[in-house]
Amino acid sequence: MSIEIANVTKQFGSFTALDNVNLAVPSGELTALLGPSGSGKTTLLRIIAGLETPDAGSIRFDGEETTDRHVRERQVGFVFQHYALFRHMTVEENVAFGLTVKPRRERRSKQEIRERVHELLRLVQLEGLAARFPSQLSGGQRQRVALARALAVEPKVLLLDEPFGALDAKVRVELRRWLRRLHDEIHVTSVFVTHDQEEALEVADRIVVMNRGRIEQVGTPAEVYDQPANPFVFDFLGSVNLFHCRAGQGQQARATAPEAAVGYVRSHDIEVERSQTADAVEAQVRHIQSVGPAVRIELLVRGTGKTVEAELSRDGAERLALSPGETVYARPRRIQTFVEDYQI
Ligand SMILES: Nc1ncnc2c1ncn2[C@@H]1O[C@H](COP(=O)(O)OP(=O)(O)OP(=O)(O)O)[C@@H](O)[C@H]1O
């Protein structure tokens, strides 16, 4: 089921949480709403769900006006950050809940419900744990139960609000990969809220970057990362270094004198060399730090008092064998410039 959001505005008192938002969520895709805290992601998700009413604008499901339809009629499934499982029910009972509370004429037989629940537990790889209570599960397992419970009623749309936000880093990474594979299997239209850019880049078919109640850019992970629409998106999706450069078209820009335009460069796109080349700026090594497989080098650009950070592979850093205080040359491999001067 596709979702069309048109001109949606939402105020809380005098605060504008959503400011004329327009978005089309294609059927069967996994879309991430990505943005900093307070950018309006949860408010937009709650409006899609019907838990919140917009002040203006409309929501359509498959072209059908849904704005005034009650949350129960929208056939949406939810998964929230804090597992809202029923503590006094087993895993099996939790997953079956939505099916057992249906009106009698719509309700399936006990046997059918049992079969459906076990099919779902297989899908979320928790078959052996049907008789456990939530307190006997890990955080990651609880979130998988929550997902199975949301899917039990065959929602047309699945809404996930920071579903892995409360889990530790390793489990988070495992679960987001698992969610991606699961989505490839079931293809239910899903909208996923996160403030973690890595999570969005890895999981989503399409990323909606939000900032202060507005949408900054919509695109595939590659589009928003490689062709950010503006400095906010560039900054939010990764490291940012500012170089003065001669104004040019996108990556054609070249590092040059301070009076020219501002170029945006990612840390892993800065080459560090011991000898001067045409496009390099002279800099002094300030600090060297190993971070897992990479080495970050903080550089003070000569004559500007500005620092930039280069990220090298371990091999690259070992070959250079740099020490703090040394003079090097930093050459941006890819420079992005933006037409408007935009504050980040
Ligand atoms: N019921 C409410 N009453 C008043 N203000 C609200 C209400 N709900 C949200 N807000 C405000 O609206 C803004 C957007 O909130 P929202 O929860 O949508 O942001 P978010 O992008 O999901 O942020 P986070 O990642 O922190 O959850 C915030 O400044 C928040 O304080």
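In this predicted model, Glu273 stands opposite Tyr329 in strand 18. Tyr329 of strand 18 is also the bridge partner of Glu282. These two contacts belong to wider pairings: strand 14, covering residues 270-273, runs antiparallel to strand 18, residues 327-332, with four bridges between them. Strand 15, residues 281-291, likewise pairs with strand 18 in the antiparallel sense, again over four bridges.

A step back to the overall layout helps to place these strands. The protein is divided into domain 1, residues 3-235, and domain 2, residues 239-332. The centres of the two domains, taken over C-alpha atoms, are separated by 40 Å.

The ligand offers a second point of interest. Around the ligand lie Phe12, Phe15, Ala17, Gly35, Ser37, Gly38, Ser39, Gly40, Lys41, Thr42, Thr43 and His195. By residue class, this shell comprises eight polar residues, three nonpolar residues and one charged residue. Strand 2 (15-25) and helix 1 (41-49) each contribute at least two residues to the shell, and helix 1 gives the most, with three.

Helix 1 deserves a closer look in its own right. Its buried residues are Lys41, Thr43, Leu44, Leu45, Ile47 and Ile48. An α-helix has 3.6 residues a turn, so residues three or four places apart point the same way. Among the buried residues of helix 1, Lys41 and Thr43 are also found around the ligand. Just after helix 1, Gly50 adopts a positive phi of about 95°.

Conventions
Residues numbered from 1 in each chain as written. Predicted model: local features only at pLDDT ≥ 70, side-chain atom pairs only at ≥ 80, totals over all residues. Domains from an automatic or database assignment. Near = placed C-beta within 6 Å. Nonpolar A, V, L, I, M, F, W, Y, C, P; charged D, E, K, R; others polar. Buried ≥ 20, exposed ≤ 12 C-beta atoms within 10 Å, placed from the backbone. Pairing = 2+ DSSP bridges.
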